[in-house]
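Q: I have a model open and would like to learn how to read its features. Could we go through them together?

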Protein chains: 2
Amino acid sequence: MISLEEKFRAIGAENAPGQEAQQEIGDLNSLMRGEKLEGIPVDFSHGDVDAFPPTPGSFEACKDGFEIGGQQAYTEYRGAVQIREDLAERLGTFTGLPVSADSELIITPGTQGALFLALGATVTSETKVAVIEPDYFANRKLVKFFDGEIVPVPLNYQGASSENGPDLNRLEAAFKRGTKVFVFSTPNNPTGLVYSGSSIEAIAELAARHKVTVIVDQLYSRMLYSGEVYTHLRACDKQPENLITIMGPSKTESLSGFRLGVAFGTPGLIDRMERLQAIVSLRAAGYNQKVLDTWFAEPSGWMEKRIREHEAIRDEMLKIFRAAGFPCATPQAGSYLFPQLPHLVVDPHTFVRLLRYQAGVTVTPGTEFAPGSGDSVRLNFSQDRIAAADAVGRIVKMVNLYRK
Amino acid sequence: MISLEEKFRAIGAENAPGQEAQQEIGDLNSLMRGEKLEGIPVDFSHGDVDAFPPTPGSFEACKDGFEIGGQQAYTEYRGAVQIREDLAERLGTFTGLPVSADSELIITPGTQGALFLALGATVTSETKVAVIEPDYFANRKLVKFFDGEIVPVPLNYQGASSENGPDLNRLEAAFKRGTKVFVFSTPNNPTGLVYSGSSIEAIAELAARHKVTVIVDQLYSRMLYSGEVYTHLRACDKQPENLITIMGPSKTESLSGFRLGVAFGTPGLIDRMERLQAIVSLRAAGYNQKVLDTWFAEPSGWMEKRIREHEAIRDEMLKIFRAAGFPCATPQAGSYLFPQLPHLVVDPHTFVRLLRYQAGVTVTPGTEFAPGSGDSVRLNFSQDRIAAADAVGRIVKMVNLYRK
């Protein structure tokens, strides 16, 4: 049994995106090489919703919610019926399999809220959970919080596209050795890798065979770049007995300030998630739920333009990193880059702090995503294009200042 | 170690306020005595924010938050700095002891969110937690979810006011036998009892002596009726080493649709709560946080009027219940009544379901608040006065139809 102290050490948030303000300057001045680098500060730890503003009409939808009054303030814990009904329809179309608004869908406070509920509903002391490395940092923290056991499964993402994907042999071995839950994101956070159709089918088949619950985080699945194909696990022929799919409008749609997400899948798990929601925060903020009416219902052409603009930034930033000789996989979807930096004279966390202090550039250290990814950093490139390109230039300068 | 199945059975939400829509009609028709009772349906499971609308300017504050943009969408997990600074000042004044905005305060998704984080930060497998009976239903469920052990402590609330309060002997005995955490609400939910100054001082002293962490839920402490005095535990001379005070604007201020709450107290616990928030839902919705600028800053006279109006409804409803011969303590604060019903020919849960089906009146069964309180029901009387009085009349009629 993990003690409270260990538990909270394991979920330390000091390097989590957005929490950098709490870090002390410490001894950075004595470690600093050269002068501060001028330039507009850029916070790559999350997207810039001023550069890419929320979906048109989103705030008006929230206002509609407020004007409905009590009925919208106090929805069922799983969310307002009418909103669920409309959403279920659109999510069914998007993922290729109908969703029951009644029994298979819950509205949550953000995608983070959905992940918390899904893992809380399936993981307890000593539950073995397969976790991809690298993957979204909260996955590992959640497993630790619920006192589960992490079974790491490596992701290949730096090779040729045909070789990329999760190590399926390792995954099968984990399933054979008592793994009960598998949680992963596709598009992968932090690399932008989209799991191939054959990977997804293999996962579905293995999970069905070994009775493993699958929690798939598809947060970025709408921002898919030219020529890429997305496979929804829930529409595969073979189906795991227990499957939860998670999405939300916080990223591509820039609606993070409303804290909205959804989870859909196996009714028994959705029931548990609602029970847990009842003691965690009751429901996603009632008025905000109404904003989901704008989701998958954006003005014609709006989503295409947003994707095109992100693709242009992606290409520009990849060019800078590659010209500098830093290996960086091409994200197939989403707005994360995960470049690998050369050996440096300071440790990775110190470099990340120097980058912020000396160059005004905030990135997330690779160790948040996998213990062995200290040589990489994650950038969310949903930013003002010019400021971001300039900031990436400063990263390159900083690496050259601190190169071993 | 509790299994996932037991855990989720323990946190069953089917009788929780607001979830009644999910109940099946079942065999109610065969049990029904007499005809359906006409009248405007009233849902006493929560306050009616149409009858008592949100604080003036609250939605405009949310709009300001949206217009600030990215900075407000992505606050620190513990909430936006400026909002915390202003709030800390006002909460310090209200409770009689300064609050540090930096280290002692976290903004949460509702008071429920604050309770979840506080118990998650202090309770793990086998932690003994003293819980008052009756008290807010989520307290017991949270302890179960975190696999702690409930140590029940009775509350006297039906006697003369000098005899009312927690059983301090039982509390001390619990503290002596290894209780690590004590969670309670004052004003008490569901009875409206305000803990006396001497009770609060005794609790502070006992907790300090036995090194028990105290979590005090003061959600309703602003709605204090004529002649009543409120004592803030955090301003007592003796101080427990670890103390968290919880409040929020969901009730008196009718801001529940925004999901906002706060917890303030011991920095080490606030740190843990923020770490947990980082994996639960990141933060209270960013734009919504701005609504807290209106809290403790209502227009002059607004709060006094709201309290006066509630006091009038309280008195009217007490009169009806007492004329019918149902014992009911006088709430000193808040908007809950907890009348005790006579023996009935159907079990309490069935009666509550019949009440909803036959008379259009929704109340919360007493068993949600204590296993032994099946003969009582809870009503939130923050309702339209005329509809509420009529609905209470229907409760009396229903009791007479089903009286043993």
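Q: Happy to start with two rings. Are A:Phe182 and A:Phe184 buried or exposed?
A: This is a predicted model, so please read each value as computed from it. A residue counts as buried when its relative accessible area is under 20%. A:Phe182 and A:Phe184 are both buried.

Q: How many aromatic pairs are there over all chains?
A: Rings pair if their centres lie within 6.5 Å. The count over all chains is 42 aromatic pairs. A:Phe182 and A:Phe184 show how one is classed: the ring centres are 4.8 Å apart and the planes meet at 15°, so this pair is stacked.

Q: Which residues do ring pairs link into a cluster?
A: Look for phenylalanines from both chains. From chain A the cluster takes A:Phe8, A:Phe116, A:Phe145 and A:Phe146, and from chain B it takes B:Phe8, B:Phe116, B:Phe145 and B:Phe146.

Q: What sits over the ring of A:Phe145?
A: The charged end of A:Lys7 does, 4.6 Å from the ring centre. In chain B, the charged end of B:Lys7 sits over the ring of B:Phe145, 4.6 Å from its centre.

Q: Which rotation superposes chain B on chain A?
A: A rotation of 180°, with 0.0 Å of shift along its axis, brings chain B onto chain A with an RMSD of 0.0 Å. That is how a two-fold axis relates its copies. Both copies use the same surface, and 100% of the contact residues of chain B recur in chain A.

Q: How should I read the area buried between chain B and chain A?
A: The accessible area lost when parts come together is often used to give the size of an interface. Here, about 5,800 Å² is buried between chain B and chain A, and carbon and sulfur atoms give 64% of that area. On the chain B side, B:Tyr74, B:Arg275 and B:Ile279 lose the most area to chain A, together 14% of what that side buries. As for contacts, 72 residues of chain B touch 72 residues of chain A.

Q: How many salt bridges does the rule find across the interface?
A: The rule finds 0 salt bridges between chain B and chain A.

Q: To finish with a single residue, where does A:Ile150 lie?
A: A:Ile150 is in strand β4 of chain A, which spans residues 149–156. Its relative accessibility is 26%, so A:Ile150 counts as partly exposed. Beyond its neighbours within four places in sequence, A:Ile150 contacts A:Val129, A:Val131, A:Arg140, A:Val143 and A:Lys144. Take A:Val131: it is 19 residues from A:Ile150 along the chain, and their C-alpha atoms are separated by 6.4 Å.

Notes: Residues are numbered from 1 along each chain as its sequence is written. Chains are lettered from A and ligands numbered from 1 in the order in which they are written. This is a predicted model: local features need pLDDT of at least 70, side-chain atom pairs count only at pLDDT 80 or more; totals for chains, interfaces and linings use all residues. Side-chain values use heavy atoms; hydrogens and water are left out. Rings of Phe, Tyr and Trp (its six-membered ring) pair if their centres lie within 6.5 Å; planes under 30 degrees apart count as stacked, over 60 as edge-to-face and the rest as tilted. Buried means under 20% relative accessible area, exposed over 50%, partly exposed in between (1.4 Å probe, protein chains only). A charge sits over a ring if NZ of Lys or CZ of Arg is within 6 Å of the ring centre and within 35 degrees of the ring normal. Copies are superposed by least squares on the C-alpha atoms of residues with pLDDT of at least 70 in both. Contact means heavy atoms within 4.5 Å. Helices (H or I, at least four residues) and strands (E, at least two) are DSSP runs, numbered from the N terminus. Buried area is the accessible area (1.4 Å probe) that two parts lose on being put together, summed over both. A salt bridge is a side-chain nitrogen of Lys or Arg within 4 Å of a carboxyl oxygen of Asp or Glu.
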